[in-house]
Amino acid sequence: MANQVTFKLNTGASIPAVGLGTWKSKPGEVAEAVRTALKAGYRHLDCAYAYGNEKEIGGVLKEFFDDPASGVKRSDVFITSKLWTTFMEKERVPECLDKTLSNLGLEYVDLYLIHWPVSLAYGDALIPTNPDGTRKVIDVPLEETWAAMEAVHRAGKAKAIGVSNFTAAKLERIIKSGSVVPAVNQVELHPFLIQDRLLSYATSKGIHLTAYSPLGTSDSPVRKKDAPSLLDNDQVKATAASYNKSSAQVLVRWAVQRGTSVLPKSVNPDRIKQNLDVFDFELSAQHMADLSGLNQNLRMSAIPWPKDPFADDNEVA
Ligand code: A2P
């Protein structure tokens, strides 16, 4: 495997360009996926409280970190997790992080993100609902949640803090109110949703973007039914053929060359290895532009939040 690329965060830490996505990786499958990934050379894992699989991931981390022969130490792996929307009140933030740390068997995460700019009622349910089936929203200012994120960062439980699914307008709000600029904004990003404006805004503020659903998230239960396939797109396939690589590898490489880290999800051993094997070729400027030219501003994930978290997308140029 050729040398992996890393990007520098505004904390000074390095984030490996390619991380293993674990959203949708079922308990029962995720352990083997993480084991395969660490053996294949992945040093970046993307997790979240809401994925319901952190305990199983923690079991695999323990196997590796407890065994000097594994060659993988805690400090070698960049581990991200996310604050769920039912824990947005300031006193709940450390509670959610502590649950994650306990499940993963860690003393700190490398990066802790606000998962969504949405607040739902605290309780047992991940998605609490009203009697009419709508989601039980509560009003928690993002500024309050961000202040509590800064506190867990200061406490050393999160080496870096950031957000996910934030528009530039919402980033502006927390930059204004807080004393720490988010290190990362993790968003849906692929050639059908290139988010050029958000990328240049984030770059101008020193915020790194991480791409989720880079392969078009074909296994997602919340994927728009009529969304076209990225992996089967003719342009993507033709580009892949010209480098003797797969469509997935071209999509991962496109993300890396734009300066974003990227989280392909797989539970298949061959595909896990393949998705990291992207450091021995370089897409030409023309191929990069052609792939970006596929943009349709298409968000494939359509989660039925009561209020569209992307409605203010155009407020900051
Ligand atoms: P699997 O987990 O069986 O490999 P995304 O990262 O955009 O969410 O996409 C994940 C989907 O893409 C999953 O269905 C995953 O299936 C599939 N996938 C992952 N890697 C590859 C690959 N190299 N080639 C084809 N499909 C892939």
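A salt bridge is taken here as a side-chain nitrogen of Lys or Arg within 4 Å of a carboxyl oxygen of Asp or Glu. In this predicted model, the count under that rule comes to 18 salt bridges. One of them joins the side chains of R35 and E32, with an N to O distance of 2.5 Å. That pair counts as a salt bridge because 2.5 Å falls within the 4 Å cut-off. Both R35 and E32 belong to helix α1 (residues 30-40), where three residues, about one turn of the helix, separate them.

The ligand occupies the space of the largest pocket. Its shell consists of 19 residues, of which T217, K265, S266, R271 and Q274 are the closest. By residue class, the shell contains eight polar, seven nonpolar and four charged residues. Helix α9 (residues 269-276) supplies three residues, the largest share of the shell.

Polar contacts to the ligand involve both backbone and side-chain atoms of the protein. A polar backbone atom of G216 is 3.2 Å from an oxygen atom of the ligand. At S218, a polar side-chain atom lies 3.4 Å from a ligand oxygen atom. A nitrogen atom of the ligand is found 2.9 Å from an N or O atom in the side chain of N275. On its own, the ligand has 570 Å² of accessible area, and the protein covers 85% of this.

Methods. Residues numbered from 1 in each chain as written. Predicted model: local features only at pLDDT ≥ 70, side-chain atom pairs only at ≥ 80, totals over all residues. Heavy atoms only, no water. Near = heavy atom within 4 Å. Polar contact = N/O pair within 3.5 Å; in protein donor to acceptor, adjacent residues only side chain to side chain. Areas by Shrake-Rupley, 256 points an atom, 1.4 Å probe, with all protein chains shown as cover. 1 Å grid on protein atoms, 1.4 Å probe; cavity = no way out; pocket = protein on both sides within 12 Å on 5 of 7 lines; lining within 4 Å. Sits in = over half its atoms within 2 Å of the grid points. Helix = DSSP H or I, 4+ residues; strand = E, 2+ residues; numbered from the N terminus. Nonpolar A, V, L, I, M, F, W, Y, C, P; charged D, E, K, R; others polar.
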